[in-house]
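Biologist: I should like to learn how the terms used for a structure are justified. Could we take them one at a time?

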Amino acid sequence: MGGTVVIKWGGGLITHKDQLCTVNSEVIQSLAKVCSNSSKRLVIVHGAGSFGHMKAKKFRLAEGRIESMNQDAAIESVRSDMKSLNKFVMDALEQVGVEAKSFPPHEWATGTGPNFEGELPIYHGVTVVFGDVVPHKEKEFGILSGDDLILRYSTELEGVERAVFAIGGVDGILRVPPENAGPEDLIEEWHPGVEFKGEHASEIDVTGGIGLKAARGAEISENGIDVILVNGEYPNRVLAAIEGESVIGTRILSGNS
């Protein structure tokens, strides 16, 4: 087996973000098959999509405890929904013969953002983690983003060759919002000095959208690790990105590049 690759399955890719708790089973199955065909040791970080963001936004879970709101039921509901989504992911991996183990972050992580606390769990097969509602020392709880998880896994595990962000609906980072973009608007190499107008579903997304992915990707790149964003709806591109082959997408460079 080759080196380690950390891959993010975006929430907007593996769920239908406009339909509460609705998986995109075809995409999940195709991504699982990609994993079974990969020569690399994999860590999968998956997003929440419609299983987490809508309720988290409504009950302002990213802000922590708000005394005027009854948030406890929402916390348990989001965690339960995330376990349901995670089960779809784990079942798909099992069906294609991938040995994997899931580690729900609220069981081992404390705090939010890139400096969250907790020892990163790792499995001898495929390790799976996901965005989650986790305990927080100051505000009681908060949302730990999958983009912060991929940052830490990519930079703290030994032998990580690259980080791959598999996203939905676009080929990578675009200069203009997707509805206005043509093939010429794909940014093939991006660093923090390059401006772009990304689309962010602020009415449901609680963790920062494409801007956070770009920022965390640049931080990973600063550690000498290859980072690429690809359209996860094309499984051949995802596999090529994992294996380090040339592929349509956005390669992220550090701010020092």
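**Reasons behind the terms**

Modeller: In this predicted model, a search of the whole structure finds 17 salt bridges.

Biologist: What makes Asp148 and Arg216 a salt bridge?

Modeller: A salt bridge requires a side-chain nitrogen of Lys or Arg within 4 Å of a carboxyl oxygen of Asp or Glu. The side chains of Asp148 and Arg216 meet at 2.5 Å, N to O, so the pair satisfies that limit. Asp148 belongs to helix α5 (residues 146-156) and Arg216 to helix α6 (residues 209-221), so the salt bridge ties together parts that are 68 residues apart in sequence.

Biologist: How do you know whether Asp148 and Arg216 are buried or exposed?

Modeller: Buried means under 20% relative accessible area. Asp148 has 5% and is therefore buried. Arg216, at 12%, therefore counts as buried too.

Biologist: Why is the pair of Arg152 and Glu156 called a salt bridge?

Modeller: The closest N and O atoms of Arg152 and Glu156 are 2.4 Å apart, and the limit is 4 Å, so the term applies. Both residues lie in helix α5, 4 residues apart, which is about one turn of the helix. Arg152 has a relative accessible area of 12% and is buried, whereas Glu156, at 44%, counts as partly exposed.

Biologist: Where does the charged end of Arg152 sit?

Modeller: The charged end of Arg152 sits over the ring of Phe116, 4.3 Å from the ring centre. Likewise, the charged end of Arg237 sits over the ring of Tyr234, 4.0 Å from its centre.

Biologist: What makes the salt bridge of Arg251 and Glu189 a link between distant parts of the chain?

Modeller: Arg251 lies in strand β10 (residues 250-252) and Glu189 in strand β8 (residues 189-190), 62 residues apart. Their side chains meet at 3.5 Å, N to O, and this value lies within 4 Å, so the pair is a salt bridge. Arg251 is partly exposed at 38%, and Glu189 is partly exposed at 47%.

Biologist: Why is the pair of Trp108 and Phe116 called edge-to-face?

Modeller: The structure holds 2 aromatic pairs. The rings of Trp108 and Phe116 have their centres 6.1 Å apart and their planes at 65 degrees, so this pair is edge-to-face. The cut-offs are centres within 6.5 Å and, for edge-to-face, planes over 60 degrees apart. Trp108 and Phe116 are both buried.

Biologist: What makes Trp190 and Phe196 an edge-to-face pair?

Modeller: Their rings are 5.9 Å centre to centre, with 80 degrees between the planes; this angle is over 60 degrees, so the pair is edge-to-face. Trp190 counts as buried at 6%, but Phe196, with 22%, is partly exposed.

Biologist: How do you know whether Met69 is buried or partly exposed?

Modeller: Met69 has 24% relative accessibility and therefore counts as partly exposed. Met69 is found in the loop between α3 (53-58) and α4 (72-95). Leaving aside neighbours within four places in sequence, Met69 is in contact with Lys58, Phe59 and Arg60.

Biologist: Which residues have the most contacts inside the largest nonpolar core?

Modeller: They are Trp9, Ile14, Leu61 and Leu93, in a core of 41 residues. Helix α4 gives the largest share of this core, 9 residues. A second, separate core of 34 residues includes Ala109, Val134, Ile173 and Leu186. In soluble globular proteins, nonpolar side chains tend to be buried together.

Methods: Residues numbered from 1 in each chain as written. Predicted model: local features only at pLDDT ≥ 70, side-chain atom pairs only at ≥ 80, totals over all residues. Heavy atoms only, no water. Phe/Tyr/Trp six-rings, centres within 6.5 Å; stacked < 30°, edge-to-face > 60°. Buried < 20%, exposed > 50% of the residue type's maximum accessible area, 1.4 Å probe, protein only. Lys NZ or Arg CZ within 6 Å of the ring centre and 35° of its normal. Helix = DSSP H or I, 4+ residues; strand = E, 2+ residues; numbered from the N terminus. Contact = heavy atoms within 4.5 Å. Core = buried A, V, L, I, M, F, W, Y, C linked by side-chain atoms within 4.5 Å.
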